Amino acid sequence: MAAEAHFIETIIGVGILLFAAKLMAELFLRLKLPIVLGELIAGMIIGPFALGAYILDADGLPLLHINDEIRVLGEIGAIVILFMAGLEMTPKEFLKGGKSSFTVGTLGVVVPFFAGLVVFQVFGFDALQSMLIATALTATSIAISIQVLSEFGKLKTPEARLIIGAAVVDDILAIAILSVVSSIAGGEGGVDNIDIMEVTITILQVLGFFAIMLIVSVLVIPKIITPRLWKAKGSVEGIATACFFGAAALAGSIGLSPIVGAFAVGMALSTTKVFEKVENYIGKIGLIFAPLFFAIIGAQVDFRQVNLEILMLSGIIIAIAIVTKLFGCGLPAMMFLKDKAQGMRVGIGMISRGEVGLIVAGVGVSSGALTSDVYSTIVIMVAVTTIITPIWLKMEYKKEQKSQSGQPQVSNP
């Protein structure tokens with residue numbers, strides 16, 4: 001009976017979150033605001049730390065719980081979104097933008113990490129706490145930016161390609177840093193026992209694993225998912241799903257973010273004969289999993305613990321989060337794209353933080369390295385940057401549309 005009650009709790013939660021997300025999506029569409037933002041705010045409003053706490057069942061208990069099963073569904077949503085993003089970029093395009101993506105992605109990790117490390121040590125935090133906060137500042141939540149770019153039909157633009165490529169590099173490096181910092185936080189020696197050679201080897205291992213995964217996906221996946229082999233209705237779509245989930249699981253098992261594996265398989269399928277069939281199918285799956293993912297992220301934000309000290313600390317970390325991505329990603333993007341506005345949009349598109357920031361916060365609290373105040377601060381930073389990014393990107397594209405419509409038409413003599 002307990003298992004059945006838990007299952008019912010999960011499906012009720014999914015139903016409430018999905019309904020609230022689509023309700024807010026409709027409202028935001030009419031207000032001409034990014035739909036993804038509406039879905040995120042829907043989670044915050046209906047979540048267990050807001051209105052959800054007052055929606056009670058027959059026993060007088062809150063009806064909505066964000067349990068482990070709902071979190072897993074959220075992670076599946078992130079995997080689906082990144083697979084969709086992979087389909088939009090061919091391996092040739094990814095390699096063509098390799099130099100720019102690698103530079104922008106690397107600086108997007110290095111600049112926030114060292115800025116956070118220095119600033120928070122100046123504010124009196126110890127080396128390990130500063131390192132954990134700095135790690136939370138590194139990784140971009142690419143799912144948010146992809147949804148906004150998709151809404152505007154901008155996924156094929158040079159800045160979108162650079163955002164996606166750089167965010168993948170960014171994510172890989174951030175995961176490498178996370179694995180190093182997590183082992184330091186969990187170990188007994190702490191910061192004093194850091195072995196630079198060991199840290200370097202760990203980061204190189206993560207990069208090597210991704211390179212191998214990408215090469216294998218590009219060489220093997222098109223041979224597996226082909227109309228010659230799979231003729232029954234739904235077989236191609238089913239095998240494609242099995243492949244990107246399998247790659248996500250493999251990535252997760254070797255220490256990478258699972259979304260990196262899904263992205264690699266999407267990219268491998270972008271030039272195959274089954275591309276249109278898979279794209280059409282995954283687009284329909286994304287209509288459910290994408291809003292659910294954003295609503296679940298929003299529902300986990302708890303503002304009840306907030307006090308003046310946390311707000312001040314949050315203001316500092318949010319400022320660092322925004323400025324370091326604008327400079328670390330935006331400036332080099334301007335140089336590579338040779339366009340100030342496009343480079344600016346790359347910097348903005350990289351601002352939103354996501355899963356890695358929340359994972360770092362969790363690791364820090366569970367190891368005792370972070371206080372509950374600092375944990376709340378990191379969660380607020382993730383929430384605010386996630387809200388800012390779609391609004392700011394939309395404003396930039398609106399500005400571009402206005403400037404284009406305002407240009408005088410040149411008539412032929």
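In this predicted model, helix H2 passes helix H12 in a right-handed crossing. H2 covers residues 35–46 and H12 covers residues 275–299, and the two pack with their axes 6 Å apart, at an angle of about 45°. That angle makes H2 oblique to H12, since it falls outside the ranges for roughly parallel (under 35 degrees), roughly perpendicular (65 to 115) and roughly antiparallel (over 145). On the H2 side, the residues that meet H12 are Val36, Glu39, Leu40, Gly43 and Met44. Their partners in H12 are Pro291, Phe294, Ala295, Ile297, Gly298 and Ala299. Sorted by class, this contact of H2 with H12 comes out as 8 nonpolar, 2 polar and 1 charged.

A second helix pair, H3 and H11, gives another packing arrangement to look at. H3 runs over residues 68–87 and H11 over residues 258–269; their axes lie 7 Å apart and the angle is about 30°. H3 is therefore roughly parallel to H11, because angles under 35 degrees count that way. Here, too, the crossing of H3 past H11 is right-handed. H3 brings Ala78, Ile79, Leu82, Phe83, Ala85, Gly86 and Leu87 to the contact. H11 supplies Pro258, Ile259, Ala262, Phe263, Val265, Gly266, Met267 and Leu269. The class breakdown for H3 with H11 is 13 nonpolar and 2 polar residues, with no charged ones.

Turning to single residues, glycine 108 sits in helix H5, which takes in residues 98–122. Its relative accessibility is 0%, so glycine 108 counts as buried, the cut-off being under 20%. What does glycine 108 touch, once its neighbours within four places in sequence are left aside? The contacts are Thr138, Asp170, Lys325, Gly328 and Cys329. One of these, glycine 328, is 220 residues away from glycine 108 along the sequence, yet the C-alpha to C-alpha separation is 5.0 Å.

Cysteine 329, another of the residues in contact with glycine 108, has 0% relative accessibility and is therefore buried. Cysteine 243 comes in at 17% relative accessibility, which means that this residue counts as buried as well, given that the limit is 20%. As for cysteine pairing, the model has 0 disulfides, taking a disulfide to be a pair of cysteine sulfur atoms within 2.5 Å.

How values were computed
Residues are numbered from 1 along each chain as its sequence is written. This is a predicted model: local features need pLDDT of at least 70, side-chain atom pairs count only at pLDDT 80 or more; totals for chains, interfaces and linings use all residues. Side-chain values use heavy atoms; hydrogens and water are left out. Buried means under 20% relative accessible area, exposed over 50%, partly exposed in between (1.4 Å probe, protein chains only). Axes are lines fitted to C-alpha atoms, for helices over the stretch in contact, and angles run from 0 to 180 degrees between N-to-C directions. Helices (H or I, at least four residues) and strands (E, at least two) are DSSP runs, numbered from the N terminus. A crossing is left-handed if the near helix is turned anticlockwise from the far one by less than a right angle, and right-handed if clockwise. Contact means heavy atoms within 4.5 Å. Ala, Val, Leu, Ile, Met, Phe, Trp, Tyr, Cys and Pro count as nonpolar, Asp, Glu, Lys and Arg as charged, and the others, Gly among them, as polar.
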